[in-house]
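Could you walk me through this structure, one selection at a time? I have it open in my viewer and would like to know what to click on next.

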Amino acid sequence: MIIGQEKLVKEVNKVFAIFKTSEATIRPHFILTGESGNGKSHTIAALAKQHEMQLIEVNAAQLTKEGTSGNSLSKALSPLLQSSGKPTICFVDEFDKLFISGNSNDSLAHESTTGVQNEFLKVLESDVISVYGDYGKYVNASAKNVLFVFAGAFNGEANINIDRLREIGLKTEFLGRVGLVFNAEKLSLEDMFSIIDNSDLLKKYGKLFPKEDVSFVKSELKSYVESVYDNNTLGARLVNTLIHSYFIEGGLTKKSV
């Protein structure tokens, strides 16, 4: 279930349909922006499932430059070896962490993150890429069937466009290959209420605590969410935090939002 983000769902549905129907001969890679907790990863995962396409996820914030210690891009993309040439979505989360302009990263971090940007650029330009295989050996994997989605919170900025991305630090060469930008919107209060009503976590707690009046719990959660809505920095994640708090701490206590 995708709650909210109607405009984004319509846009991504069209991209995924074109990608799959063309048998991956058309690959409209795109950048996805939006505040943390607004459902970017959930939306992409749910739509990939609806279109019956494989999904692999990469956390860009954890990537290190090839040849240095850590999780390199060649390791992160190794699941492509199991894609069997089928249309695959690669969701690259926290992509904005690779941008240097305006932050306080030292020169070593600058070199590493710039290097990862360049490595992504090489992947976008290639039909075949080298990935980390069994026994530490590099093997070739096809990249022709992969659609890349580069997502990030971008400090919560709204309506980010290509020009703003260039100012932030994304290379012009990259934007020439990933020219589409979609924006996830802040979840409305009604969306937050719907998330509470449909929470699987709340249902599980309800089974563990059968004496609790789930309707009352929902009412308490909604009242709290409404009171902090304007200052909520956690997005949909706030709901699970509050549910845990209610059942473990015996009620709702003031949380950082």
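Which side chain does Arg 164 meet in a salt bridge? Select Arg 164 together with Glu 157: their side chains form that salt bridge, at 2.8 Å from N to O. Keep in mind on this tour that you are looking at a predicted model.

**Stop 1: charged pairs**

Side chains of opposite charge can pair when their charged atoms come close. Now colour your first pair by accessibility. Arg 164 is partly exposed at 29% relative accessibility, and Glu 157 is partly exposed at 28%.

Next, pick Asp 96 and Lys 97, whose side chains meet in a salt bridge of 3.8 Å, N to O. Is Asp 96 buried or exposed? With a relative accessible area of 13%, Asp 96 counts as buried because the cut-off for that word is under 20%. Lys 97, at 40% relative accessibility, is partly exposed. Add Glu 94 to the selection, and you have a network: salt bridges with shared partners join Glu 94, Asp 96 and Lys 97.

For a pair that links distant parts of the chain, select Glu 52 and Lys 20. Their salt bridge spans 4.0 Å, N to O. Glu 52 sits in the loop between α2 (40-50) and β2, while Lys 20 belongs to helix α1 (residues 6-21), 32 residues apart. Glu 52 is exposed, with a relative accessible area of 68%, whereas Lys 20 is partly exposed at 31%. A search of the whole structure finds 9 salt bridges, so there are others for you to hunt down.

**Stop 2: strand β8**

Show the cartoon and select β8 (146-152). How many of the 7 residues of β8 are buried? The count is 7 of the 7, so this strand is largely enclosed by the rest of the structure. Turn on its side chains: Val 146, Phe 148, Phe 150 and Gly 152 point one way, and Leu 147, Val 149 and Ala 151 point the other way.

Now look at the strands that pair with β8. Strand β1 (residues 30-33) pairs with β8 in the parallel sense, over 4 bridges, and Phe 30 stands opposite Val 149. β5 (88-93) also pairs with β8 in the parallel sense, here over 5 bridges, with Val 92 opposite Phe 150.

**Stop 3: the nonpolar cores**

In soluble globular proteins, nonpolar side chains tend to be buried together. Stay on Phe 150 and show its surroundings. Beyond its neighbours within four places in sequence, its contacts include Ile 31, Phe 95, Phe 120, Leu 124 and Phe 174.

Phe 150 is part of the largest nonpolar core, which has 34 residues; Leu 77, Phe 120 and Phe 150 touch the most other members. Several elements each supply at least two residues of this core, among them β2 (54-59), β6 (128-132) and α5 (162-168). Which helix gives the most? Select α4, which contributes 4 residues.

Then move on to a second, separate core of 21 residues, including Ile 3, Met 192, Ile 195 and Tyr 205.

**Stop 4: the largest pocket**

Rolling a probe the size of a water molecule over the atoms shows where empty space is left. In this model, the largest pocket holds about 790 Å³ of space. To find it, select Gly 37, Gly 39, His 42, Ala 236 and Arg 237, the closest to its centre of the 28 residues that line it. Finish by colouring α2, α8 (200-208) and α10 (237-249), each of which supplies at least two lining residues. The largest share, 5 residues, comes from α2.

Conventions:
Residues are numbered from 1 along each chain as its sequence is written. This is a predicted model: local features need pLDDT of at least 70, side-chain atom pairs count only at pLDDT 80 or more; totals for chains, interfaces and linings use all residues. Side-chain values use heavy atoms; hydrogens and water are left out. A nonpolar core is a set of buried Ala, Val, Leu, Ile, Met, Phe, Trp, Tyr and Cys residues joined through side-chain atoms within 4.5 Å. Buried means under 20% relative accessible area, exposed over 50%, partly exposed in between (1.4 Å probe, protein chains only). Contact means heavy atoms within 4.5 Å. Two strands pair if DSSP finds at least two bridges between them. On a 1 Å grid over the protein atoms alone, a cavity is a set of points where a 1.4 Å probe fits but cannot get out, and a pocket is an open set with protein on both sides within 12 Å along at least five of seven lines; lining residues have an atom within 4 Å of a point. Grid points are joined across faces, edges and corners, and a volume is the space filled by probe spheres set on the points.
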